[in-house]
Amino acid sequence: MYIPNQFAATDTAELLAFMKQYSFATIVTAKDNVPQATHLPFAISTRGDNVILTSHFAKANGQWRQIVDRVNLVIFSEPHAYISPTHYDKEQSVPTWNYVAVHAYGAATIIHDRDQAFEALEKMIDTYEEAYRRQWAGLPQDYKLRMLNGIVPFEIVVTDLQGSRKLSQNKTDQEQQRIIETLSASTDGAARQIADYMRANQRPGA
């Protein structure tokens, strides 16, 4: 990912928190030089020093056949906002976009073992609706197996984690404050989230 130095986000804990908050991500692969992408929910965890991404494809989605023995890209990106040049001191300025994004690269392993596949599914349940575990536990085993036969669980061990936080860091404190005030008053929830990120990122005393 192209990341100018002033926008680079390198704190792993911060990146993990962002990925967990915006965990419906896009996995990108290539077949015969043609990119393919699927939008999937991910469970994000750590194992020792490694970041682990767990999810599953529908078995009918042939992209799962492309994820082994190659580097996969998973894109986590959610809040973003248009930034008008009217906020800047100089009239000769252009519009831009503020956003936060994380790119995770890594090799995938398909989970073939049935018990491990159930563990992967239960990790997803715990991530998105822990209270559903009781209902899940009461479902007939043959029903669970039919559900399991329709998916392909997998995990990715992340080998490269890249983060970009483009939050007008290259603008003056006054310009940033005007942007924050405008975005905070927006009816767009994503714009207000970007305002919150900008506010948290402001220089001390700004």
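In the predicted model, Tyr82 is partly exposed, its relative accessible area amounting to 43%. Trp97 is likewise partly exposed, with a value of 41%. The structure contains seven aromatic pairs, one of which is formed by Tyr82 and Trp97. The geometry of this pair is edge-to-face, with the ring centres 5.6 Å apart and an angle of 65 degrees between the planes. Distant parts of the chain are linked by this pair, as Tyr82 belongs to strand 6 (residues 71-83) and Trp97 to strand 7 (residues 96-110), 15 residues apart. Because a nonpolar core admits buried residues, and buried denotes a relative accessible area under 20%, Tyr82 with 43% and Trp97 with 41% do not qualify for one.

Elsewhere, Phe42, Phe57, Phe76 and Phe154 are joined into a cluster by ring pairs. A further ring, that of Tyr88, lies beneath the charged end of Lys171, which is placed 4.3 Å from the ring centre.

The largest nonpolar core comprises 39 residues. Met19, Ile27, Phe42, Leu53, Phe76, Phe154 and Leu183 have the most contacts inside this core. At least two core residues are supplied by each of several elements, including helix 1 (12-21), strand 2 (24-31), strand 5 (50-58), strand 8 (151-166), helix 5 (173-184) and helix 6 (189-201); strand 6 and strand 7 also contribute in this way. A second, separate core consists of nine residues, among them Ile111, Phe118, Leu121 and Ile151.

Leu183, of the largest core, touches Ala81, Tyr82 and Ile83. Other contacts of Leu183 include Ala191, Arg192, Ile194, Ala195 and Met198, with residues up to four places away in sequence left out of the count.

How values were computed:
Residues numbered from 1 in each chain as written. Predicted model: local features only at pLDDT ≥ 70, side-chain atom pairs only at ≥ 80, totals over all residues. Heavy atoms only, no water. Phe/Tyr/Trp six-rings, centres within 6.5 Å; stacked < 30°, edge-to-face > 60°. Helix = DSSP H or I, 4+ residues; strand = E, 2+ residues; numbered from the N terminus. Buried < 20%, exposed > 50% of the residue type's maximum accessible area, 1.4 Å probe, protein only. Lys NZ or Arg CZ within 6 Å of the ring centre and 35° of its normal. Core = buried A, V, L, I, M, F, W, Y, C linked by side-chain atoms within 4.5 Å. Contact = heavy atoms within 4.5 Å.
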